[in-house]
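Hi,

Here is the structure I said I would pass on. Have a look at it below, and then read on for what turned up.

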Amino acid sequence: MYPYDIVFGMDLYTILISVGVIVCMAFIRLQADWRKMKAKLQNLILFNTIAAVVLGYGFAVLFQAFYNYMASGHFEIVNSTGSTFYGGLIGGTAMFIVIYFVAGRFLYADGYHVRQFRDVSDLAPAAITVAHGFGRLGCLMAGCCYGARSDAWYAVQMVGMDHKVIPVQLFEALFLFALSAVLLILYRKGKRYEMPIYMITYACWRFVAEILRGDYRGATVVDFLTPSQLISVLLLAGGLVLLAVELYLDRRSAAIAPVPASEEEAHE
């Protein structure tokens with residue numbers, strides 16, 4: 001909608017992406033403090049977040065370049081907005097996990113980082129979604145990731161177009177902010193399963209949102225699925241498997257947990 005430079009050669013896409021990263025890091029710091037994580041672990045998480053964002057962006061660009069290759073036969077990076085979220089999510093998550101466990105092994109000989117990993121993974125989805133929400137607002141301003149042509153009252157007109165389109169970017173931003181709030185509430189209440197909930201919920205949303213998109217979505221080995229829809233199916237399956245594993249592990253832990261002395265006496 002407004003793909004022009006605002007300040008220091010940066011457009012609203014770049015500014016909103018930067019705001020999302022800053023908010024994400026502040027979010028993690030505040031919630032980690034609330035959970036009383038050790039300062040050294042918090043610093044590891046924040047450093048890791050920066051590394052994951054940088055490396056994840058590289059993966060996002062490479063994924064988009066691969067989509068371009070499948071469409072045109074040429075492996076090319078179109079412009080600064082030529083990236084795909086799923087590529088960044090997959091690459092950034094992989095890098096975060098690798099760095100977390102490798103660096104954590106040197107920082108904590110007693111395995112503290114391993115014991116805290118589930119807590120970290122429960123916190124991550126709320127932080128990811130709030131950053132992603134700002135990113136989608138950036139897409140709206142840049143005019144990428146737009147929806148199908150529409151004359152509905154909520155349709156918007158992008159720069160360079162002679163017709164209005166569905167503001168899928170705005171709808172996804174609102175969805176992501178709402179999901180982030182829900183995940184944060186669950187985390188603050190000490191609930192579990194935030195990661196599988198995020199994976200399942202976002203996969204379902206993205207699959208449907210792809211139907212509303214109006215830009216070229218790329219091709220896959222499955223003719224009727226776009227690349228993002230195919231990844232959504234895999235993400236949904238992964239979320240269901242992770243949920244089943246976490247439920248199994250929790251039930252197993254509860255079954256082998258020692259019975260308090262007062263309860264043992266009550267049974268005698």
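**Salt bridges first**

Asp119 and Arg35 form a salt bridge, with their closest N and O atoms 2.2 Å apart. Asp119 belongs to helix H5 (residues 117-142), while Arg35 sits in the loop between helix H1 (12-34) and helix H2 (39-72), so this pair ties together parts that are 84 residues apart in sequence. Before you go further, bear in mind that this is a predicted model.

How exposed are the two partners? Asp119 has 9% relative accessibility, so it counts as buried. Arg35 is at 25%, which makes it partly exposed.

There is another bridge you may want to click on: Glu172 and Arg136 meet through their side chains, at 3.2 Å from N to O. This one also links distant parts of the chain, as Glu172 is in helix H6 (residues 168-188) and Arg136 is in helix H5, 36 residues apart. Both ends are tucked away: Glu172 is buried, with a relative accessible area of 2%, and Arg136 is buried too, at 6% relative accessibility.

For a contrast, try Arg115, which forms a salt bridge with Asp110, the closest N and O atoms being 3.8 Å apart. Arg115 is exposed, since its relative accessible area is 53% and the cut-off for exposed is over 50%.

Arg118, Glu246 and Asp250 go a step further and are linked in a network of salt bridges. The count for the model comes to eight salt bridges.

**Rings, and charges over rings**

The count of aromatic pairs comes to 14. Take Tyr86 and Tyr202: their ring centres are 5.9 Å apart and their planes are at 75°, so the pair is edge-to-face. Tyr86 is in helix H3 (residues 85-107) and Tyr202 in helix H7 (residues 194-212), so the pair links parts of the chain 116 residues apart. Are these two tyrosines buried or exposed? Tyr86 is buried, and so is Tyr202. They also belong to a cluster, in which ring pairs link Phe85, Tyr86, Tyr198 and Tyr202.

Two lysines are worth a look as well. The charged end of Lys38 sits over the ring of Tyr112, 4.3 Å from the ring centre. Lys40 does likewise with Tyr108, its charged end being 5.4 Å from the centre of that ring.

**Helix H3**

With 23 residues at 1.5 Å a residue, H3 should span 33 Å, and its end C-alpha atoms are 31 Å apart, which agrees. Its buried residues include Phe85 and Tyr86 from the ring cluster, as well as Leu89, Phe96, Tyr100 and several glycines, among them Gly87, Gly88 and Gly104.

**The nonpolar cores**

Which residues touch the most other members of the largest nonpolar core? Leu41, Ile45 and Tyr198 do, in a core of 32 residues. The elements that give two or more residues to this core are H1, H2, H3, H5, H6, H7 and helix H8 (227-256).

Leu41 is a good place to zoom in. Leaving aside neighbours within four places in sequence, Leu41 is in contact with Tyr100, Tyr108, Tyr112, His113 and Gln116. You have met Tyr108 and Tyr112 already, as the rings under Lys40 and Lys38.

Finally, there is a second, separate core of nine residues, and its members include Leu16, Phe134, Val156 and Met158.

Enjoy exploring!

Definitions and conventions
Residues are numbered from 1 along each chain as its sequence is written. This is a predicted model: local features need pLDDT of at least 70, side-chain atom pairs count only at pLDDT 80 or more; totals for chains, interfaces and linings use all residues. Side-chain values use heavy atoms; hydrogens and water are left out. A salt bridge is a side-chain nitrogen of Lys or Arg within 4 Å of a carboxyl oxygen of Asp or Glu. Helices (H or I, at least four residues) and strands (E, at least two) are DSSP runs, numbered from the N terminus. Buried means under 20% relative accessible area, exposed over 50%, partly exposed in between (1.4 Å probe, protein chains only). Rings of Phe, Tyr and Trp (its six-membered ring) pair if their centres lie within 6.5 Å; planes under 30 degrees apart count as stacked, over 60 as edge-to-face and the rest as tilted. A charge sits over a ring if NZ of Lys or CZ of Arg is within 6 Å of the ring centre and within 35 degrees of the ring normal. The expected span of a helix is 1.5 Å times one less than its number of residues. A nonpolar core is a set of buried Ala, Val, Leu, Ile, Met, Phe, Trp, Tyr and Cys residues joined through side-chain atoms within 4.5 Å. Contact means heavy atoms within 4.5 Å.
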